[in-house]
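Thanks for making time, everyone. Have a look at the model on the screen while I talk you through it.

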Amino acid sequence: MSQAKGDRRERELVNLLDEAGFAVMRAPASGSATERELPDVLAGDGETFYAVEAKSSSGKPIYLTGEEVEALIYFSQNFGAKPRIGVRFDREDWYFFHPGDLHVTDGGNYRVKKETAVAEGTDFAEFVGTSKKVTLDDLGDSGPDHDPNVLRVLTAVEQGELSVDEAATMLE
């Protein structure tokens with residue numbers, strides 16, 4: 001991926017966070033022209049503060065070096081922010097991960113696959129606090145949709161056997 005595309009993606013993330021009510025800045029020359037490793041984006045809403053390392057890809061897995069992740073964690077601890085890895089694949093939204101939730105390769109690098117981002121990442125709405133992810137486990141037997149047929153359809157979506165559109169049609 002080109003540096004220009006990476007810069008555009010970082011600016012996109014900054015604008016989205018700004019629109020969501022966060023005070024936000026893109027760190028100047030993050031990752032290159034400074035002696036200190038800085039995260040790509042700093043954002044806060046008065047209650048929650050994030051230091052974000054932003055990465056994007058056309059669809060290939062995203063890799064971060066162990067040094068990048070260690071620098072993010074070190075900065076975040078000293079700054080009082082929550083470290084997050086923000087990933088964006090072409091034709092997908094932004095997804096966020098705590099560094100400890102990423103796959104570590106045998107060589108000590110970190111990897112995020114597109115499928116993992118979509119299935120397990122925190123989406124933008126949840127990241128900024130405008131929604132909360134609810135899983136089937138959260139619903140259990142006491143949730144509003146504890147109808148066994150609804151749970152079967154939701155499980156089929158979760159397992160990739162049905163698309164969301166197919167499930168919506170079935171539940172109408």
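I'll start with the overall picture, then go through the first helix, the strands, one proline and the aromatic rings.

First, some ground rules. This is a predicted model, where local features need pLDDT of at least 70 and side-chain atom pairs count only at pLDDT 80 or more, while totals for chains, interfaces and linings use all residues. Residues are numbered from 1 along each chain as its sequence is written, and side-chain values use heavy atoms, with hydrogens and water left out.

So how confident is the predictor? pLDDT is its confidence in each residue, on a scale from 0 to 100. The chain averages 86, and 85% of its residues reach 70 or more. Among the elements, β5 has the highest mean pLDDT, at 97, and helix α5 (residues 136–139) the lowest, at 62. Where pLDDT is low, the predicted coordinates should not be read in detail.

Now the parts list. The chain has seven helices and nine strands. Those are DSSP runs numbered from the N terminus: helices are H or I with at least four residues, strands are E with at least two. Of the 172 residues, 38% count as buried; buried means under 20% relative accessible area, exposed means over 50%, and partly exposed is in between, using a 1.4 Å probe and protein chains only. As for contacts, meaning heavy atoms within 4.5 Å, take the ones with a separation of 6 or more: residues 24 or more positions apart account for 48% of those.

On to helix α1. It has 17 residues and reaches 24 Å from its first C-alpha to its last, close to the 24 Å expected at 1.5 Å a residue. That expected span is 1.5 Å times one less than the number of residues. Which residues of α1 are buried? They are Lys5, Gly6, Asp7, Arg9, Glu10, Leu13, Val14 and Leu17. An α-helix has 3.6 residues a turn, so residues three or four places apart point the same way. The buried residues of α1 pack against β1, β2 (41–44), β3, β5 (82–89), β6 (94–97) and α4 (124–127).

You may have noticed an arginine in that list. Arg9 sits in α1 and is buried, with a relative accessible area of 13%. Leaving out neighbours within four places in sequence, Arg9 is in contact with Ser56, Arg88, Asp90 and Trp94. After α1 comes Gly21, with a positive phi near 95°.

Next, the strands. Two strands pair if DSSP finds at least two bridges between them. β1 and β2 run antiparallel, joined by four bridges, and Arg26 has Val41 in β2 as its bridge partner. β2 also pairs with β3, again antiparallel and over four bridges, and there Val41 stands opposite Val52. β2 and β3 make a hairpin with four residues between them, and Gly46 in the turn has a positive phi of about 95°. In a regular strand the side chains alternate between the two faces of the sheet. In β2 both faces are covered, with Val41 and Ala43 buried on one side and Leu42 and Gly44 on the other.

There's also an open, antiparallel sheet of three strands, in the order β4-β8-β7. β4 (62–64) and β7 (103–104) are at the edges with a single partner strand each, so one side of each has no neighbour in the sheet. Two bridges join β7 to β8 (residues 110–112), and one bridge pair is His103 with Arg111 in β8.

Now the proline. Pro83 is in strand β5 and is buried at 12% relative accessible area. Not counting residues up to four places away in sequence, Pro83 touches Ala51, Leu72, Ile73, Ser76, Phe97, His98 and Pro99.

Last, the aromatics. Rings of Phe, Tyr and Trp (its six-membered ring) pair if their centres lie within 6.5 Å; planes under 30 degrees apart are stacked, over 60 edge-to-face, and the rest tilted. That gives six aromatic pairs. In one of them, the rings of Phe22 and Tyr50 have centres 6.4 Å apart and planes at 35°, so the pair is tilted. Phe22 lies in the loop between α1 (3–19) and β1 (23–26), and Tyr50 in strand β3 (residues 49–57), so the pair ties together parts 28 residues apart in sequence. Phe22 is buried at 4%, and Tyr50 is buried at 9%. Both belong to one aromatic cluster with Trp94, Phe96, Phe124 and Phe127.

Terms used. pLDDT = per-residue confidence, 0-100.
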